[in-house]
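Here are my notes on the model, set out point by point. Please read them with the structure open.

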Amino acid sequence: MIPGNRMLMVVLLCQVLLGGVSHASLIPETGKKKVTEIQGHSGGRRPGQNHELLRDFEATLLQMFGLRRRPQPSKGAVIPDYMRDLYRLQSGEEEVEKEQILNITLEYPERSTSRANTVRCFHHEEHLESIPGTRENPAFRFLFNLSSIPENEVISSAELRLYREQVDQGSDWELGFHRINIYEVMKPSAVSMPNSLITRLLDTRLVHHNVTQWESFDVSPAVLRWTQDKQPNHGLAIEVTHLHQRRTHQGQHVRISRSLPQGVGDWAQFRPLLVTFGHDGRGHTLIQHRRAKRSPKHHPQRPRKKGKNCRRHPLYVDFSDVGWNDWIVAPPGYHAFYCQGDCPFPLTDHLNSTNHAIVQTLVNSVNSSIPKACCVPTELSAISMLYLDEYDKVVLKNYQEMVVEGCGCR
């Protein structure tokens, strides 16, 4: 992540571009200014210069977010409920009401996020392939395209999420069990040898028919082979084995295909989902950020007589102002804040000064050719963002040094 002072330079660039902003919002009259209106407030700059500054401003922010170009989401892009809920839990919005999410208890994945600052999700290719099995115990192969994962992102874990629905077994209720097996396809079947499929078991679970919920399976070994070891990705195989039953309820029980007839509209949310947890080497993990959120910092108000001295000022960044609300799912904006004010002689304790700043201020008091200490951020914190990337994939990422938590003279 870029240093905090560079982040403030980006904000200042926008302020200069807009003719100066001293409070509240990144852009005046939040969400109402068009680019042409913004250009009208830019003083003597020519329209071409304004357009170039806007382009450079956007490019700088996109680079900061690790994107090569501005995402252009398709109309059919789907945001899985799981990713929305994970963002709410990560940002602390659902600490009290988390049991109401999707009518199930959603536990925060502490273990998976302990080494990750990025969560990505992938739907399988819209292609369902049957592989050798039996009529009672069918199996299917799914292909997930993971090519959008950046080279510098190290995957620490991955899970396959399957949605299963309650099935009424009547008098045989107590015998209604399924075993769900998840395999990595090591070698697909050859055309000349349809039963030559080679797989290895990744995870398995025995489940009862009387529960409707998501099931999560560990597929980390397969995803690590595909991403870290650069081994061929032949997909995952899902096998549902029915125990103590002559009839199969597989089509009703585990959602691995569209409902027939189509048109219900729930397939987009209930289709199998591959979720990866990774780290790009920048900043803290998601769980570290979440724990910090549980203990918010308190910023006592300074006395009015100190109002001109170095302190934190409000600055709200609204993503709709720069036209990014179409690909940034959450948050709609955030409080970035900025530092401004005097560092007068003598520097007092509440100005959070370093020894060097104190010495520099002393020298300035007798030699004006030496500049005063500057009011700068001394503490910065992260925010979590949920967005669609350039490939229409949903990403939850922790971005460092985005919020000014404290100011001081340096």
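1. Start at the surface. Phe345, Ile358 and Leu362 make a nonpolar patch of about 270 Å². Keep in mind that the model is predicted.

2. One member of that patch deserves a closer look. Leu362 sits in helix H10, which spans residues 355-366. Is Leu362 buried or exposed? Neither label fits: Leu362 counts as partly exposed because its relative accessibility is 43%, and that class lies between the cut-offs of 20% and 50%.

3. Now the chain as a whole. The protein chain has ten helices and 16 strands. Of its 410 residues, 45% are buried. The accessible surface comes to about 21600 Å². Carbon and sulfur atoms hold 50% of that surface.

4. Next, the contacts. Take those in the protein chain with a separation of 6 or more. Residues 24 or more positions apart account for 72% of them.

5. Then the aromatic rings. How many aromatic pairs does a search of the whole structure find? The count is nine. Trp327 and Tyr387 form an edge-to-face pair, with 5.8 Å from centre to centre and 90° between the planes. This pair links distant parts of the chain, since its two residues are 60 apart. Trp327 lies in the loop between strand S11 (316-318) and strand S12 (328-330). Tyr387 belongs to strand S15, residues 375-388.

6. Stay with those two residues. Both Trp327 and Tyr387 are buried. They also belong to a wider group: ring pairs link them with Phe65, Trp324 and Tyr399 into a cluster.

7. Tyr399 has a charged neighbour too. Lys397 lies over the face of the Tyr399 ring, at 6.0 Å from the ring centre. Elsewhere, Arg205 lies over the face of Phe217. There the distance from the ring centre is 4.6 Å.

8. Last, helix H4, residues 81-91. Which residues of helix H4 are buried? The list holds Tyr82, Met83, Asp85, Leu86, Tyr87, Leu89 and Gln90. Asp85 and Gln90 are therefore worth checking on screen, as both fall under the 20% cut-off for buried residues. Just after H4 comes Gly92, with a positive phi of about 85°.

9. To recap for your own viewing session: find the patch of Phe345, Ile358 and Leu362, then the cluster that includes Trp327 and Tyr387, and finish at Gly92 just after H4.

Notes. Residues numbered from 1 in each chain as written. Predicted model: local features only at pLDDT ≥ 70, side-chain atom pairs only at ≥ 80, totals over all residues. Heavy atoms only, no water. Phe/Tyr/Trp six-rings, centres within 6.5 Å; stacked < 30°, edge-to-face > 60°. Helix = DSSP H or I, 4+ residues; strand = E, 2+ residues; numbered from the N terminus. Buried < 20%, exposed > 50% of the residue type's maximum accessible area, 1.4 Å probe, protein only. Lys NZ or Arg CZ within 6 Å of the ring centre and 35° of its normal. Contact = heavy atoms within 4.5 Å. Areas by Shrake-Rupley, 256 points an atom, 1.4 Å probe, with all protein chains shown as cover. Patch = residues over 30% accessible without salt bridge, like charges linked within 9 Å, V, L, I, M, F, W, Y side chains within 5 Å. Salt bridge = Lys/Arg side-chain N within 4 Å of Asp/Glu carboxyl O.
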